[in-house]
Structure formats: structure tokens, C-alpha cells
Amino acid sequence: MSKAEKTKEFIIAKAAPLFNKKGYAGTSMSDIMKATGLAKGGLYGNFESKDEIAALAFEYSYNLLKEDIGNKVRLKKTGVEKLQTIFQYYKNYTVAPSIEGGCPLLNTAVDADDAYPFLKKKARAALQEMLGSLQHILKRGIEEGSFRNDLNVKKEAELIFAQIEGGIMMAKVLDEVTVLNRLLDSLKHRMETEYMNQP
């Protein structure tokens, strides 16, 4: 890796938690300068704009999340175990997030909305990837004979993701992690009672 590439990576690593916690509008170039110890010329010498830094910072945070949860899920063999691992991963997430600032996908999706189309595009791609991964796990459970053949994997993946992300949002706003944990427990119960092939 060249010196320029290392500098770029350093800036993104320092900027990512700022954008994830404070959002696009709340993060200034001065904040990034302070976090990196670089002058404005040092930032603009590596990036064209704040937009470019924000987009790469989201990718950085999202990839950390994806790698962290992916490493845990890959250790499990069955679709059932993989889904249980996801539910366990998000337990107490708002008080002990794996990524500084919480879930980058939720934060960026709310922050971007219609105000920052370039961020919304990044969040949309990440959301589609997450939903695809959940569908893949559900299909695996069906192929293994654990989950019902008639399970609508698209619908259930959307429900699982919406309940987890909605739970994170509610727990953060209410400062009550038990809200999230109850929703995760209800997802686990749904899996055990509605997904499983009954003997």
C-alpha cells in the first residue's frame, strides 16, 4: 500500500465514527481535521469533497459491521444456527454496539433519506445485500429440511430486518435496550413456532 493510500485509509477510519454518530450535516471538515490531525489541504489533497469522504466512511463502517456479524455467522453450519446467531448478535446492541455510533445502515438511511441521494444510494445497496443474506440463510434452512418449504423467504427476510432495525431505533430513542431484546426474543419465537418443520 502506498503512502497516499495509507493516508486515505487513515482519514476514512477516523472520519467513519464521526459520520456514524453525528450524521452528514453534523460532521464538519473541521471535525475531520481535528480527528485526523491534518490540515484542510491534507484532506482535500486526498479527497475531492466531504461527499466523497462521507460515502467512503459509510462503506468503511458498513464493512466493519458486515465482517463482524459475518465472521460469527460463518462459524455456524445450519440455517437455524445462523439465524439464531444473528438474533444473539443484536442483543443489547444499543448499549454495546460492535461499531462506534451504532448501526451504520440505520444511521445513514435515516440521515440520508431524500437530502443526500449519494448516501441513500449506498444505504440502498447495503440494505439489499443484508436482505439477500437473510434470504440465503432462510433458503438454506429450507434445503436442510429445518424450515417449511412454503416459507416466503423474501417476506420473512424483510420482517426480520425491519424488526431488528426498528428495535434498535426504538431502544435508542427510549434509552431502553429491553425493547430491542424483546423484539429479538419474539423473532426467535417466530422462527421456532412458524418456520420450523413440525415432527
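Reader: Why is Lys-91 called partly exposed?
Author: In this predicted model, Lys-91 has a relative accessible area of 25%. Buried means under 20%, and exposed means over 50%. The value for Lys-91 lies in between, so the residue is partly exposed.

Reader: What makes the contact of Asp-185 with Lys-91 a salt bridge?
Author: The closest N and O atoms are 2.9 Å apart. The cut-off is within 4 Å, for a Lys or Arg nitrogen and an Asp or Glu carboxyl oxygen. The pair therefore qualifies.

Reader: How do you know that this pair links distant parts of the chain?
Author: Asp-185 sits in helix H9, residues 177-195. Lys-91 is in the loop between helix H5 (79-89) and helix H6 (104-112). They are 94 residues apart.

Reader: Is Asp-150 buried or exposed?
Author: Asp-150 is exposed. Its relative accessible area is 58%, and the threshold is over 50%, so the label fits.

Reader: What makes Arg-148 partly exposed?
Author: Arg-148 has 28% relative accessibility. That is neither under 20% nor over 50%, so Arg-148 counts as partly exposed.

Reader: Why do the side chains of Asp-150 and Arg-148 count as a salt bridge?
Author: They meet at 2.8 Å, N to O. That is within 4 Å, so the rule is met.

Reader: Which residues do shared salt-bridge partners join into one network?
Author: Glu-156, Arg-190 and Glu-194.

Reader: How many salt bridges does the rule give?
Author: The count is 12.

How values were computed. Residues numbered from 1 in each chain as written. Predicted model: local features only at pLDDT ≥ 70, side-chain atom pairs only at ≥ 80, totals over all residues. Heavy atoms only, no water. Helix = DSSP H or I, 4+ residues; strand = E, 2+ residues; numbered from the N terminus. Buried < 20%, exposed > 50% of the residue type's maximum accessible area, 1.4 Å probe, protein only.
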